[in-house]
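Biologist: Before we discuss this model, could you show it to me, and then tell me what stands behind each term as we reach it?

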Amino acid sequence: MKRKLISVASMLIAGSLLFSACGSDSGTTASETQSSSSGTGAQASGTSGEKSYFKKYDEPITLTTHAVVGADTMYQDGGTAENNAWTQWQKEHLGIIWKLKWVAPDGATDQQKLDLAFASGDLPDVISPTKEQLAKYVAEDQILPLNNLIEDYASPLIKWAIGEAKERTKGSLFLPFTKAGQIYGFPVMKELMDYYNTNFIRDDILNQMGVAVPKTLAEYENVLEKYHQQYPKGYGLGMDNTLSAQAIPMAAYKAYPKHWVKTGNGEIVYGSIQPEAREALVKLAEWYKKGYIDPEFAVKDNSKLQEDVVQGNILTYYGHWASIAAPFNGMWSKVAGSNVTCMPNLTGEDGKTGVMANPWFDGSRAITKACKNPEAVMYLLNENWDSFYRNYTDLREKMKNEYGYEFKYPVTEERKPLNVDQVARDYPGAAQPRQLWKYDYPADLEGCGFMNSFYTHYTVLFGFTGGPVSIANGALASMADAVNKNDTSVLIGEGKNMYAEWTNTNPKMLTTFASTYNYWSEFEKTDEFSADAFSGAATPTMTEKKQYLDKLELETYTRIIMGSLPITAFDEFVQNWKKNGGDQITKEVNEWAKGL
Amino acid sequence: MHTTYIKQKWPLYAMLVIPVFFVILFNYVPLYGVVIAFKNYSPARGFWGSEWVGLKWFETAVNMPDFKFILRNTFVIAVGKIIFGQVFSIIFALLLNEIKNKVYKKTVQTITYFPHFLSWVIIGGIFTDMLLTRGIINQLIGLFGIKPIFFLGSNQWFQPTVVILETWKEFGWGAIIYLAAMTNINPEIYEAAIMDGASLFRRIWNVTLPGISSIIVMLAVLSIGNILNAGFEQILVLYNPAVYQTGDILDTFIYRQGLLQAQYSLSTAIGLFKSIIALTLTLLANFLATKYTDYRIF
C-alpha cells in the first residue's frame, strides 16, 4: 500500500498542479451519489468541517488565459480551443467561462506572445510563464502571491499533495517561483524521470564479449578497452559536442559539471570548477587518446551521434528515457540482435557514485493581479483533483482517516475508449496527427476528472504546456510495473495504449524502458542522488556573463578532452571563470539561497 | 518646360509612391528602435520608458574578455571571403567568357551557381560529413600521402576552410555580374586587338579587364560594407567548441548573448557598432575610388 501511495503521490504532483480541469454539478447531486455509494451520508461530501471546497458561480464569471494548440490537433465533435465539451462542462457546472487571448501553435511562440502581452500591459488572468518570465513579471508587480489563496481555498487533498510533492522534490517545489517567501507560481511538473538522463549500454555486445554490465569506473574502463580491441570501428563512449556524456565518468568522481553544489559548510559552489571535475577530465582525455571516444566528437551534434548509434557503432549512449524511440528504435531494426539496457551510474574507488538532477521546474502557472476571481482557480483545482483521483481507494482512505476529508465523487467504473485502434497521440514515437479518443462515457457520469483523463488533450488547452505529460507519465510508472509483473491489468490511463503501441512497434522499447525505470525509481531514493542547489531564475550577472562563461567552459573542456590543451588549462580556466563574473555569480547564488 | 515634364512623367512618379512608402515604413521607421542600444531596455517599460544608460552597453561589449578575439575572427574571415570571392569570380568569368560553345557555357554556369541557392544548413551538414578525418576529402588527399586533417576541429584549419567553402558556394553566382559587364565591351575593340597581333592573354589583360574595371571597383567598394559580416548562417552551422578561439564571430556572439540570453540592448549596441564601421568604411572606399579611378558610386 505504501508503494501504491507513493505512485499516487507521483501522479498527483505529475498532474499539473493547477487545474487542468473542471468541476462538478454543484453540491447536491454529487453528494447524493456519494452518500449512496460510500454511505457517509450526514456531512456534505468533499467538505471537512463547515467549509466547502467547491463552488458554482450563480452569476457566471469570466477568466482569460492563453493556449498552445498544435496545428495538427483535432478536436472531437468539431470543437475549438475555446469552445468544446470541456469548456462547456465548466460553464454549465461551475459557472466559469474561459476566454483565450491567443492560441499559439507552439511553446516558443506562446512565450513571445506572453512577453508582448506583458509589454503592452495586457496579461491574461491566468498565465503559463517560464521561471525567467515569471521573475520579470513579479519584479514589475504583475503577479498575485499564492500563499493566502492556497491557505484559504485549497482542499486538504491539494494541501497533502503539495506536501508530498515538496518532499519528493527535496524541498524545491516552489523555489523557482518564490520571492521573499511569497509563492508566485504553481510549478508545471513532469514526471521526475524527465529531469535526468540514463546511461544506456549495448548488452548484446557485453554478452558477446563475456562481461557483465559494469558498475564501477574500473569495470567500465575494462569494458571500453575490450570493446576497442574487438570493435575497432566503434566508439565505447558516445560523445557529442555538448559533452553531455561526460556525466558517465563524472558520476564516479562525484563531480557535477554545470550544476550548483552545496558543500559541507553550506556554501554553494559551481560544479564545473571543482577539483573532482578536473580528475574526471583527466580520465576523459585518457579515453580520448586511447580511441574510446570519437576523435571528431567536437563537430558532431546529438543527431549525428544518434546516426552512429543507429549504425551500431556506439557502445554507451547517454540520454533521456525517450531515447528508446530515437535512436534505439532505429538501431534495433538496423542492427540485428542489438539490445540495450540501463547501466548503473558508475561508482568510484570509494564505492560511491553521485548524480545531480537538473533543476526540476521551468514552467509555471501564475495568476495576475488583474484577475478578479483568483479563488475560482482554486475551486477548479479542488474539483478536478477530487474527481480525477476518485478511484484511488488507498488515497480515499488516507484522506478520510488522517485529514477528515471526504471525496466528493464516488468510485466509478472506468470507461474504455471507442476508437483505440485509430488513436495516435503526443508521446515519443507517436504518429501524427494527434487525435482525441472517443469515449463511451455515460450521461450520468459525475465530475470532470474523467473527462480530464479522456481528453488529456484539453489539459493543453489553456496553455498548460505540461499538458498530456501529466497523465502520460503517471502512466509510465504503471507501464514499468506491467513489464515487471508481466501483468497488463495494472496499466492505468494512457499507459494502456502506449503499452499496446510500444508492443506493436518493438517490444524492446518496453523492456529497455522498464530497466531504466526500475533503476531510477530505486536510485532516486539513495543519498547518492541530489538536486541542483540553485533553482532560481537567472541572476543579473548570469544574464550578463553566463554566455561567455559557458563558452569558456565548453571550449576548455572540449579541448582538454581532445588533448589540444593540457590539463593545466583547467586551472587557468578556473581563474578566468572566477575573474570574469563567476565569483559574482557565486555570490548572487548564495544570496539567493539565504533569501529563501 | 518643367510643367510638361511633370505632366508627361507623373504616372512614373505615382508608381514610386508605394515603394518609397515601403522603404520608409520598413527601413526608416524601425530605426527608432536603435535607441535601446543606449537604454536599459525592459519590454514592460517599452522603448521610451526604459532608462537611459549612455554608452554602457558598448563598454560592456568591448570589455567582454573574448571581444577582441571575436572582432579579429570576424575581420579575418570576412576579408578572406571578400578577396577570395572576388578574385575567383573574376577569373571564372574571364575563363567562361572565352568559351564559344553556348550550350557548354550555359551548363557550366548553371552548375556553378546552383550552390548559391542552397541553405547553409544543408551544405553545412554535407560538408561536416565530407570533411571528417574519415570523410571523402581526407580520403582524396590521402592518395597523395597527406595525413588526415581535422578541418573543422582545428584552429589552424577552421578559418581557411570556411573561406574556401564560402568561395566554392558563391563564385558562380558572383561571376554573373562580371559576365554581363563583359558582354557590354564593344567587339570591335577585340577585333582591333587581334589585328594588332595581341595574344589571348593580352586581349584579356588589355581589353576585357579594363572593360569591366568600373564594375570591379563598384563591387569592391560595396563589399567593404561587409567587412564585419563573416556569414552568420555558415559559422553557426560549422563552428564547434573546439574552434571557438578562431571561429566565433560577432554574429554568433550576438545570437548567443542577445537572443539566447535576451539581452536586447547589448545586441542592438553591437549591431549598431557593426553598422557604423561598415558605413564609415564604405564612405571611405567610395572616396578613394572617386579619387583614384574617376568612378563614383554615390
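Modeller: Let us begin with helix α10 of chain B, whose buried residues pack against α4 (67-97), α8 (158-183) and α14 (264-293) of chain B. This is a predicted model, in which local features need pLDDT of at least 70 and side-chain atom pairs count only at pLDDT 80 or more, while totals for chains, interfaces and linings use all residues. Residues are numbered from 1 along each chain as its sequence is written, and chains are lettered from A and ligands numbered from 1 in the order in which they are written.

Biologist: What makes a residue of α10(B) count as buried, and which residues are they?

Modeller: A residue is buried if 20 or more other C-beta atoms, placed from the backbone, lie within 10 Å of its own (exposed if 12 or fewer, partly exposed in between). In α10(B) the buried residues are B:Thr208, B:Ile212, B:Val217, B:Leu219, B:Val221, B:Ser223 and B:Ile224. Across chain B, buried residues make up 27% of the 298 residues.

Biologist: Where is the kink in helix α10 of chain B, and what is the bend at a residue?

Modeller: The bend is the angle between axes fitted to the seven residues ending at a residue and the seven starting there; in α10 (residues 200-224) of chain B the kink is about 50° and is centred on B:Ser213.

Biologist: How many helices and strands does chain B have?

Modeller: Helices (H or I, at least four residues) and strands (E, at least two) are DSSP runs, numbered from the N terminus, and by that reading chain B has 14 helices and 0 strands.

Biologist: Why is chain B called more spread out than a compact globule?

Modeller: The radius of gyration is taken over C-alpha atoms, and the globule rule is 2.2 Å times the number of residues to the power 0.38. For 298 residues that rule gives 19 Å, whereas chain B has 24 Å, which is well over the rule, and therefore chain B is more spread out than a compact globule. Along its principal axes, the C-alpha trace of chain B spans about 75 × 75 × 35 Å.

Biologist: How many residues of chain B are in contact with chain A, and what makes a contact?

Modeller: Two residues are in contact if their C-beta atoms, placed from the backbone, lie within 7 Å, and 22 residues of chain B are in contact with 21 residues of chain A. The largest share of the chain B side, 3 residues, comes from α13(B).
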